[in-house]
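Hi,

Here is the structure I promised to hand over. Have a look at it first, and then read on for what turned up.

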Amino acid sequence: MSEWWTYRPVDLLMFAPRTYWRLFELHNETLWPLQLATTLAGMALGLGLMRGSTRALRAGAAGLALCWALVAWAFLWRRYAPIQPVAAVFAIAFGVQALGLLALSAAHDLRGTGQRVRRGSGLALLAWALLAHPLLALATGRPLAQAELFGLAPDPTVIASLGLLLCAQAGTRVTRALLWTLRLLALAWCLVSAATLWTMGSPQGWVPLAAAALTLGGLWRRPHRRAGARVKAP
Amino acid sequence: MDTPSAFSPGRRRWLAGAAMATGLPAWAGRALAQPVQAPQTRPIPSSGEALPVVGLGSWITFNVGNDPVARDACAEVVRAFFAEGGRLIDSSPMYGSSQPTIGHALAKLRHPAALFSAEKVWVGDAARGAGQMAASRAFWGLQRFDLMQVHNLLAWQEHLPRLLEMKAAGRLRYVGITTSHGRRHAELERILRTQPIDFVQLSHSLLDREAEQRLLPLARERRIAVIVNRPFRQGDLLDQLRRHPLPGWAREIGCDGWAQVALKFVVSHPAVTCAIPATSQLTHLRQNMGAARGPMPDAALRARMARDVAAL
């Protein structure tokens, strides 16, 4: 496209907001009653992470890998790509993330973080994705049938994944690199989603951005003070 | 001011009977039985073929994916469009699922003979143009398009000769080129001056009047039909205007809403052949088609309309 810099984001929006939200309604209808299973599995994951269980972390990563693969195929590829061709690229990225999460679940050095703030942030994100995110449909004047649900819709799945990835840490450089790659991919989706929602005029655009901010806040490590730094000079 | 003709009573009865015989919904039969005025038309300069001054665009509104309910709703809009005397439907491979949505509607309506199909080729590699046009024909369910346009001037130097060859071979009826958002007007002007095209598509509205300076007079001089896109600025113009009451002159030209004001402003320009507002709502479709009927503003009123709207 020539002179692409002169286009506003809204000029590139190819679909009407009602078409976008209908995607979730049709998606939920097609996959019912899988919603119950994914929500229950998400709650079990939350309980396991609260207890700091490494087994829950591994099972959660494997379960989320399935969720990302499902979202990639059933939502992004089959539903979203027909109205937004770029979604085919998103679907491939989600597939890559699914493979990465599967690899993470098998990493021998994966363990829960010892930092309380980080774990708290992770659990808060998971709780939001499971319990609060679906209610955004009602809060923004849409029917509950159009709710975005954990494990089936991109945003709550990504937010829950950020929660799990905050709760995790690794002992080796390779697994640490994998963890960071997975976090970055999930954060990138948050930006894509926020841009899409804002372009549609939806106030919901703040949600993925807030999730990204909470993740980055949770990962922030204060620099170590050098010994004696507090000692005042005579 | 043109005085539009009405369908004859005999034709109305025939249409109502045809609606019943073909299983159209009851409302369609009733609508057809009403005295529907035929829309005003303009001739395509290169052939003299008459086109109604309001067509149907498909950007965003017909991109509804695999949603069967929304596809059927779009089919009803297309049905109403033909019932109102419309002909030209415009789409592009760039418009997501709009092409299959149009194809679904046309199949449901058994391919109305009145259709004037306007498509675009939109690919940087001209060698892939033929394949893209074949895919577009398959989506629409057509053997050939009436009009094929080079979308947004993309690779026009390569596409145009091929399209003109297709026209010479009878595989197209008309060839055109498009731009939107007021972009690349200088290059468009060069094309209008040098290329033997039948149509040009560009953006023009109450608040986007740059085309009036050079492009519209040039198109008229070169006997090139003009299709106007974005007459409502993708809805922004109507959002901006709807909080203001209609001026007195709007009633003088038979407008009962801002959409008709915006459309009559565009299609009353002597160089314009038709405008292609997009909608997925029946009420909006009927309002839009209403702009193709009744008195049209003359040059003095057009100037006043633009001045008054700019001052709001």
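Before the strands, one definition: two strands count as paired if DSSP finds at least two bridges between them. Also bear in mind that this is a predicted model.

With that, start in chain B. Strand β5 (residues 145-150) and strand β6 (residues 172-178) of chain B pair in the parallel sense, over 5 bridges. If you want one spot to click on, try B:Gln149, whose bridge partner in β6(B) is B:Gly176. Helix α6 (residues 156-168) of chain B packs on the sheet there, touching β4 (116-121), β5 and β6 of chain B. The direction of that helix makes about 165 degrees with that of β6(B).

Zooming out, the sheet is an open one of 7 strands with parallel pairing, in the order β3-β4-β5-β6-β7-β8-β9 (chain B). At its edges stand β3 (88-90) and β9 (274-275) of chain B; each has a single partner strand, so one side of each is left without a neighbour in the sheet.

Now over to chain A, for a pair of helices. The axes of helix α3 (residues 34-50) and helix α6 (residues 116-132) of chain A come within 10 Å and cross at roughly 165 degrees. Angles over 145 count as roughly antiparallel, so that is what α3(A) is to α6(A). The crossing is left-handed. Among the residues making the contact are A:Gly42, A:Met43 and A:Gly46 of α3(A), and A:Arg119, A:Leu123 and A:Leu126 of α6(A). The contact residues of the two helices divide into 8 nonpolar, 3 polar and 1 charged.

Cheers

Note on methods:
Residues numbered from 1 in each chain as written. Chains lettered and ligands numbered in written order. Predicted model: local features only at pLDDT ≥ 70, side-chain atom pairs only at ≥ 80, totals over all residues. Heavy atoms only, no water. Axes fitted to C-alpha atoms, helices over the stretch in contact; angles between N-to-C directions. Helix = DSSP H or I, 4+ residues; strand = E, 2+ residues; numbered from the N terminus. Parallel < 35°, antiparallel > 145°, perpendicular 65-115°, else oblique. Left-handed = near helix turned anticlockwise from the far one by under 90°. Contact = heavy atoms within 4.5 Å. Nonpolar A, V, L, I, M, F, W, Y, C, P; charged D, E, K, R; others polar.
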